[in-house]
Amino acid sequence: MVKGTMLVLLSRVKAVSAEIISRRSLGEDIGREVWSLFSPGCSPGSALWRRTGGDFRGVCTSTSLQGKVQGNKKKKELSEKKLTRYFVDYRRVKLVAGSGGKGACSFHSEPRKEWGGPDGGNGGDGGSIIIKADRFVKSLAQVIPVYKAEDGQSGGSKNCYGRNGNITYISVPVGTVVKEQGTTIMDLAEHGQEYLAVFGGAGGKGNRFFLSNENRAPMMATPGMGGQERVLQLELRTMAHAGLVGFPNAGKSSLLRAISNARPAVAAYPFTTLNPHVGIVEYRDHEQVAVADIPGIIRGAHLNRGLGISFLRHIERCRFLLFILDLSAPEPWTQLQHLCYELDQYEPGLSLRPQVIVANKIDLPEAREKLETLKSHVTQRVIPVSALTGQNTEELILHLRDLYDGYLQDDGSRGVKPVRW
């Protein structure tokens, strides 16, 4: 009986709610006959009506007019700052191995067995840290400054040994050089190659270990040994195949955008790029050439001015160079002289690596005349491009492949395995 009454009331509420919504949407007044569908206690003039003032805002229905129409939400685009991910080719890390667990000092206790003897177990060994080369890792960006391995667990009674600490692995790119105080101690040149950087501490001995004929009830147990600590430097032997070298605002980041899928930040002020970016140029034969956008160099960079020596180190890890000259400058050929001077002051012979001169901003009106003057002042090949419009970038991409093939042949003839991306 009660269930049937509830079903009747529910059907009336739905009918009246739909009628109210439709009439209010048409701007009509709600008549008394609508309220008569409810029970008499809810009709206008009743006590319930007077208490609520005819307010039915609490009524909830499942009609389509009540639901808010939700269209296909457009995915919010990420900002340029979030899209910018820079390349890391140097890390200084502190490695702390796990300490060994302490040994336990206990004696066997059992009813009717008065002289059970010592049963304290040994502690577990601390975890070690291993640096492992992984061909699927391309940057040292995921390497954190400090690594602490897991400690070994302490021993327990009943001759229970503590669990050893787990080994911590640090994945680094193939071609990572491990140094300590400037001295190379390991070169990870093969995929899967490992280097045990720090050893975990040995676990302590429980009093069971010291049981002997002379000492039948040893009361001593030793603590675990501390783990080894070292500070190492991780460097990539080859940061990229090609490096874009030039002064600030020469258009290096714009050129990298034009020839690859990398998206470094571009702006109309110097030193827009503060960290190197690496873009991949793909060819039809599935060969990939890595091109690095090196932050701008200024005069006196070898004396640590501007962004300094740390960014000249990036150029040192590139196999061939692309000198980006700005044709909007009064004398673009002098830029090449200053760039070569800074490279040779940092490392003699660095400017003699395989190279090509890229004359950027060829789309400017005065650029044609300066281009001819530039060609008369230099002996290297000059490729005019416009990073803004993409003009003549095909010639640069083809010549980039010629430099890459020469790099493969050169390393193959010397018996050195070339780095492939």
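A polar contact here is a pair of N or O atoms within 3.5 Å, and within protein one must be able to donate a hydrogen and the other to accept it. I kept that cut-off at hand while going through this predicted model.

**Entry: asparagine 122**

I started in the loop between β1 (90-96) and β2 (129-133), where asparagine 122 lies. Is asparagine 122 buried or exposed? I found 10% relative accessibility, and because buried means under 20%, asparagine 122 counts as buried.

Next I looked up what a polar atom of its side chain pairs with: the backbone nitrogen of glycine 206 lies 2.8 Å away. Setting aside residues up to four places off in sequence, I listed the residues asparagine 122 touches, including Gly204, Lys205, Gly206 and Phe209. Gly155, Cys160, Tyr161 and Gly162 are also among them.

**Entry: the nonpolar cores**

Then I turned to the largest nonpolar core, which has 51 residues. Which residues touch the most other members? I noted Leu95 and Ile131. Helix α7 (residues 332-346) gives the most to this core, with five residues.

I followed leucine 95 further: beyond its neighbours within four places in sequence, its contacts include Ile129, Ile131, Tyr147, Ile170 and Leu232. Gln228, Glu229 and Arg230 are among its contacts too. Apart from this core I found another, of 25 residues, with Ala242, Leu322, Leu403 and Tyr404 among them.

**Entry: helix α5**

Last, I checked helix α5 (residues 252-259), where Lys252, Ser253, Leu255, Leu256 and Ile259 are buried. Seen down the axis, the buried residues of α5 fall within an arc of 160 degrees, so they line one face of the helix.

Notes. Residues are numbered from 1 along each chain as its sequence is written. This is a predicted model: local features need pLDDT of at least 70, side-chain atom pairs count only at pLDDT 80 or more; totals for chains, interfaces and linings use all residues. Side-chain values use heavy atoms; hydrogens and water are left out. Helices (H or I, at least four residues) and strands (E, at least two) are DSSP runs, numbered from the N terminus. Buried means under 20% relative accessible area, exposed over 50%, partly exposed in between (1.4 Å probe, protein chains only). Contact means heavy atoms within 4.5 Å. The arc is that of the directions from the helix axis to the C-beta atoms. A nonpolar core is a set of buried Ala, Val, Leu, Ile, Met, Phe, Trp, Tyr and Cys residues joined through side-chain atoms within 4.5 Å.
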